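Got the viewer open? Here is a short tour: what to select next, and what you will find there.

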Amino acid sequence: MRATRATRALAQLYAQQPDAALSEAQVEAGLAAAGAPVNRVTVYRMLDRFAAAGVLHRQVDAARVTRFALAPQGAARPRFECDDCHRHFQLPQGCARVHSALGPVLEALATAGHENLAVEIAVRGRCVGCAHPSAGASA
Ligand SMILES: [Zn+2]
């Protein structure tokens, strides 16, 4: 499947509401509202493709309705490595924003047909202990 107007509209639908868990009917309605109407079979095919790519996560709600939400990108936790002492620092802050910013990128890759996408974010530099050794930063 090519990067059709419908798949782009689907990616945009989730980019606009990154926390949404949408049913097929909601996606179908959203695509129609975005000017990219497609039939139910095509909607399911696109959702399946996005799910196979790891972009969307399939879930079934209490009413047994299958819903699709943006998959949590667990591997996308940013980390920082010091070039001098090679210590690793976890960067717990800003993850949510990084994830929502990555959504459109992952969706574009999924739209192009790539699968099993994983994201790793590495920041390099000099840690405060190496950059400012006299500042009293404990190792
Ligand atoms: Zn360092």
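**First stop: a loop with an unusual residue**

Start by selecting His86, which is found in the loop between β4 (79-82) and β5 (88-90). Bear in mind as you click around that this is a predicted model. Check the backbone here: phi of His86 is near 60 degrees, a positive value in a residue other than glycine. As a reminder, most residues other than glycine have a negative phi. Now switch on the surface. His86 counts as partly exposed, at 45% relative accessibility.

**Second stop: the zinc ion**

Next, select the zinc ion. Which protein atoms are its donors? Show the side chains of Cys82, Cys85, Cys127 and Cys130: the SG atom of each is a donor, lying 2.3 Å from the zinc ion. Try the angle tool next. The four donor atoms subtend angles of 106 to 112 degrees around the zinc ion, so the arrangement is tetrahedral.

Then look at the sequence panel, where the donors of the zinc ion follow the spacing C-x2-C-x41-C-x2-C. Pick out Cys82 and Cys127, a pair that links distant parts of the chain, 45 residues apart. Cys82 is in strand β4, while Cys127 sits in the loop between β6 (122-125) and α5 (128-131). Are these two buried or exposed? Cys82 is buried, with a relative accessible area of 0%, and Cys127 counts as buried too, at 2% relative accessibility.

**Third stop: the sheet**

From Cys82, widen the selection to take in β4 and its sheet. This is an open sheet of three strands, in the order β5-β4-β6 and with mixed pairing. Colour β5 and β6 to pick out the edges: each has a single partner strand, so one side of each is left without a neighbour in the sheet. Look along the sheet as well, where neighbouring strands are turned by 25 degrees against each other on average, direction ignored.

Zoom in on β4 and β5, which pair in the antiparallel sense over three bridges. For one residue pair to click on, select Arg79, whose bridge partner in β5 is Gln90.

**Last stop: another positive phi**

Finally, jump to Arg64, in the loop between β2 (56-60) and β3 (66-70). What is phi here? Arg64 has a positive phi of about 60 degrees, although Arg64 is not a glycine. Turn the surface back on: Arg64 is exposed, with a relative accessible area of 73%, whereas His86 from the start of the tour counts as partly exposed.

Definitions and conventions. Residues numbered from 1 in each chain as written. Predicted model: local features only at pLDDT ≥ 70, side-chain atom pairs only at ≥ 80, totals over all residues. Heavy atoms only, no water. Helix = DSSP H or I, 4+ residues; strand = E, 2+ residues; numbered from the N terminus. Buried < 20%, exposed > 50% of the residue type's maximum accessible area, 1.4 Å probe, protein only. Donors = N, O, S within 2.8 Å, 3.2 Å for Na, K, Ca; no water. Tetrahedral: all angles 85-135°; square planar, octahedral: opposite > 155°, others 65-115°. Pairing = 2+ DSSP bridges. Axes fitted to C-alpha atoms, helices over the stretch in contact; angles between N-to-C directions.
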